[in-house]
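Grab the viewer and work through these exercises one at a time. Each has a task, then a solution in steps.

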Amino acid sequence: MKIIKVKNYDELSKKAANIIASQIISNNSCTLGLATGSTPIGTYKELVKLYNENIIDFSNVKTANLDEYKGLTKDNDQSYYYFMHQNLFNHVNINKNNTYIPDGTIENPDTACKSYEEILKKLGGVDLQLLGLGHNGHIGFNEPRDTFSLETNCVELAESTIKANARFFESIDDVPTKAYTMGIGTIMKAKKILIIVNGIDKADIVQKLVEGVVTPNVPASVLKFHQDVTLIADEEALSKCTLN
Ligand code: GLP
């Protein structure tokens, strides 16, 4: 795993956007795997800036998002569909028919997950996957468990994830308890992976990710087995690593 240490969130967002921009410039019809959560918001802002400066062109880019809450409609302002449109898709020249997000409104998990895997296959896989990191080590919505999940699956969100994400909802009772997420196997198929983490509250989990063992109890730890992973983290997030 290549680690890029940055001073702060601004620097992290610029670095991450530059890496994604370089992917788009080298292959303008690439497939980007995209993430939600608060961490990538700055990265998306920087990508919009690069687009406005005519440095990158999204017209042939395809995107596939990691996950979506089960039960939220597209117009729900907490859905990841809404998030992606608000933070990126509405501000660049991407063809929205080339953007894919698991459909949270499909009631049957089997149908929802199989159809998303089909989409990913048709896209021919992900060239560059962007990831954030949950406090418990989750990537996408793959919570700690006994084995690594393989394909897109329906997960029960961990209590700690529901609590962490409650800040975006009116009350904790509004946070969905289930989500559809690309599996760990799906994520590991990406050609390149870029994981971005900031803040002191992520220092413990970053230490486990960087220096701990590979275990499904820390789902992100599996990234150590991937050939091309870059972690961009700020000084606070890296503060508990001995490499400091
Ligand atoms: C959410 C998302 C993840 C995200 C994580 C961290 O639950 N499903 O994809 O990486 O939480 O979010 P944040 O960046 O807000 O800390």
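**Exercise 1. Find what Lys240 pairs with, and say which parts of the chain the pair links**.

Step 1: Keep in mind that this is a predicted model. A salt bridge here needs a side-chain nitrogen of Lys or Arg within 4 Å of a carboxyl oxygen of Asp or Glu.

Step 2: Lys240 meets that rule with Asp204, their closest N and O atoms being 3.1 Å apart.

Step 3: Now place the two partners. Lys240 sits in the segment after S10, while Asp204 belongs to helix H7 (residues 203-211). They are 36 residues apart, and the pair links distant parts of the chain.

Step 4: Check the cover. Lys240 is partly exposed at a relative accessible area of 43%, and Asp204 is partly exposed too, at 48%.

**Exercise 2. Work out which parts of the chain the pair of Glu235 and Lys7 ties together**.

Step 1: Start with the distance. The closest N and O atoms of Glu235 and Lys7 are 3.8 Å apart, and the two form a salt bridge.

Step 2: Glu235 lies in the segment after strand S10 (229-234) and Lys7 in the loop between strand S1 (2-6) and helix H1 (9-26), so this salt bridge ties together parts that are 228 residues apart in sequence.

Step 3: For the surface, Glu235 comes out as partly exposed, with a relative accessible area of 38%. Lys7 has 57% and is exposed.

**Exercise 3. Do the bookkeeping for Glu156 and Lys178: how far apart are their closest N and O atoms, and which strands hold them?**

Step 1: The closest N and O atoms are 3.8 Å apart, and the pair forms a salt bridge.

Step 2: Glu156 is in strand S7 (residues 153-156) and Lys178 in strand S8 (residues 178-181), with their positions 22 residues apart in sequence.

Step 3: Glu156 counts as exposed at 53% relative accessibility, whereas Lys178 counts as partly exposed at 32%.

Step 4: Finish with the tally, which is seven salt bridges by this rule.

**Exercise 4. Buried or exposed? Sort Thr230 and Phe225, and list what each one touches**.

Step 1: Recall the cut-offs: buried is under 20% relative accessible area and exposed is over 50%.

Step 2: Thr230 sits in strand S10. Its relative accessibility is 12%, so Thr230 goes in the buried pile.

Step 3: Leave out neighbours within four places in sequence, and Thr230 is in contact with Lys2, Ile4, Ile193, Leu194 and Ile195.

Step 4: Phe225 is in the loop between H7 and S10. With a relative accessible area of 61%, Phe225 is exposed.

Step 5: Not counting residues up to four places away in sequence, Phe225 touches Met188 and Val214. Take the first of those partners: Phe225 and Met188 are 37 residues apart in sequence, yet C-alpha to C-alpha they are 8.6 Å apart in space.

**Exercise 5. List the buried residues of helix H3, find what they pack against, and then look at Asn165**.

Step 1: In H3 (residues 80-87), the buried residues are Tyr80, Phe83, Met84 and His85.

Step 2: A helix fact helps when you read that list. An α-helix has 3.6 residues a turn, so residues three or four places apart point the same way.

Step 3: The partners of these buried residues are strand S2 (31-34), helix H2 (41-52), strand S3 (62-65), strand S4 (67-69) and helix H5 (159-165).

Step 4: Asn165 is found in H5. Asn165 is buried, with a relative accessible area of 11%.

Step 5: Skipping residues up to four places away in sequence, Asn165 touches Tyr69, Tyr80, Phe141 and Val175. Tyr80 is one of the buried residues of H3.

**Exercise 6. Zoom out: how does the radius of gyration of the protein sit against the globule rule?**

Step 1: Count the secondary structure, which comes to seven helices and 10 strands.

Step 2: The radius of gyration is 17 Å, close to the 18 Å that the globule rule gives for 244 residues, so the protein is as compact as a globular protein of that length.

Step 3: Buried residues make up 52% of the 244.

Step 4: Take the contacts between residues at least 6 apart in sequence: 79% of them join residues at least 24 apart.

Notes: Residues are numbered from 1 along each chain as its sequence is written. This is a predicted model: local features need pLDDT of at least 70, side-chain atom pairs count only at pLDDT 80 or more; totals for chains, interfaces and linings use all residues. Side-chain values use heavy atoms; hydrogens and water are left out. Helices (H or I, at least four residues) and strands (E, at least two) are DSSP runs, numbered from the N terminus. The radius of gyration is taken over C-alpha atoms; the globule rule is 2.2 Å times the number of residues to the power 0.38. Buried means under 20% relative accessible area, exposed over 50%, partly exposed in between (1.4 Å probe, protein chains only). Contact means heavy atoms within 4.5 Å.
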